[in-house]
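Let us take a friendly walk through this structure together. Have the sequence at hand, and turn the model as you read.

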Amino acid sequence: MFKQKSPGNVVVLLIFGLLLKLPLFLFPRNIAASATDGPLYSWLINVLPASNAMVASLISFVLIYLQSIFITYLVNEYRMLPRQNYLPGMAYMLITTLLPEWSYLSAPLLCTSFIIWIFILLFNLYNSANSKPQVFNIGLLAGIASYIYFPSASFVICILLGLMILKPFRLNELVLFFFGCLTPYYFHAVFLFLNDKLSAANFFPRLSLTVPVIKSSLPLAISTLLLTVPFLTGGFFLQKHLGKMLIQIRKNWSILLLYLLLAFFVPFLNSNQSFHSWVLLAAPFSAFHACGYFYQTKKILATLFFLITMGYVLFTQYGTAAWQ
């Protein structure tokens, strides 16, 4: 069903997501907050009724559903697979359910929406006649994302490499990009100045480099396996069909791989020893998982792995206390 492009799949994906994320509403959780959150996210959780766990769960589900639509649009719009489908969205819903922390409302989850949006605009630069406004908008979104979850500022490296891969180097576009990144910081400085609160402690975010402490467990090992096997399978099939793809599509996949590699190291910045920050990996993982499902010649293997993943997710949700 998800292997085909049908307008009805938007509704099917919604129903699929509701079934997968049902524990979010059966066992609602409050908004996840930590000292490493950006000022914009801290302001948002003060505005939202944080004490209402059901509202937080609803916002979290809406964000995940929209992100699954965005990643599907990204793969389909730029022809990253030979035929349009909803496999990326399905994979994203599955991946974000492997770990309960990836489904709870947090700064990294909200930041993911802006990161996917950035890469949609970035891939559009290849065929854009006038790219200057888009380059500024990409920088602006990157700046806003860093105010939600500051370690996401490291994606500037990936964006710069993407600009160099997709387009010839132009100094004026590079300057526009950095102006876009600094725009939120400029308005924040003005706000602090007008309220007589401008100081280094209030303006500059705290930055530290630590190794996250991950407690090994059997559920974590199984979740990692279910993440890795489809990724390696998708990477194998992608490498096999890469020669048949247009140069633009090959560039897009290389940038998406850079996105994945960088997202793996983001949790090392301002680590709060939780799995929330690792949710940034879910979007690029879902694109590679979609390749594994799409190119698999033996349909029984793809179906079997899908059923195994679903079975494990349902077991952790209703057979253990992980989601409660």
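This is a predicted model, and a good place to begin is its interior, where there are two cavities of 30 Å³ or more. The largest cavity holds about 90 Å³ of space. To find it, look for L160, L163, M164, K167, P168, F169, R170, E173 and L174, the residues that line it. Helix 8 (155-166) and helix 9 each bring at least two residues to this lining, and helix 8 gives the most, with three. Sorted by class, the lining of the largest cavity has six nonpolar and three charged residues, and no polar ones.

Now move on to the second largest cavity, with a volume of about 50 Å³. Its lining is made up of A91, L94, I95, L98, L226, P230, H289, Y293, F305 and T309. Helix 5, helix 11 (218-241), helix 13 (282-295) and helix 14 (299-318) each contribute at least two of these residues. Which helix gives the most to this lining? Helix 5 does, with four residues. Here the classes are eight nonpolar, two polar and no charged residues.

Next, see how two helices meet. Two packed helices are described by the angle between their axes and the distance between those axes. For helix 3 (residues 39-47) and helix 7 (residues 132-148), the angle is about 60 degrees and the axes are 4 Å apart. On the helix 3 side the contact is made by P39, L40 and Y41, which meet I144, Y147 and I148 of helix 7. This contact has six nonpolar residues, with no polar and no charged ones.

Helix 6 (residues 107-124) lets you check a length for yourself. At 1.5 Å a residue, its 18 residues should span 26 Å, and the end C-alpha atoms are indeed 26 Å apart, so the two values agree. Is this helix mostly covered or mostly open? Helix 6 is mostly covered, with 16 of its 18 residues buried.

Finally, turn to the backbone in two loops. Most residues other than glycine have a negative phi. R79 is not a glycine, yet it has a positive phi of about 50 degrees; you will find R79 in the loop between helix 4 (53-77) and helix 5 (87-98). Its relative accessibility is 48%, so R79 counts as partly exposed. D196, also not a glycine, has a positive phi of about 55 degrees. D196 sits in the loop between helix 9 (171-194) and helix 10 (200-203). With a relative accessible area of 73%, D196 is exposed, because exposed means over 50%.

Notes
Residues are numbered from 1 along each chain as its sequence is written. This is a predicted model: local features need pLDDT of at least 70, side-chain atom pairs count only at pLDDT 80 or more; totals for chains, interfaces and linings use all residues. Side-chain values use heavy atoms; hydrogens and water are left out. Axes are lines fitted to C-alpha atoms, for helices over the stretch in contact, and angles run from 0 to 180 degrees between N-to-C directions. Contact means heavy atoms within 4.5 Å. Ala, Val, Leu, Ile, Met, Phe, Trp, Tyr, Cys and Pro count as nonpolar, Asp, Glu, Lys and Arg as charged, and the others, Gly among them, as polar. Buried means under 20% relative accessible area, exposed over 50%, partly exposed in between (1.4 Å probe, protein chains only). The expected span of a helix is 1.5 Å times one less than its number of residues. On a 1 Å grid over the protein atoms alone, a cavity is a set of points where a 1.4 Å probe fits but cannot get out, and a pocket is an open set with protein on both sides within 12 Å along at least five of seven lines; lining residues have an atom within 4 Å of a point. Grid points are joined across faces, edges and corners, and a volume is the space filled by probe spheres set on the points.
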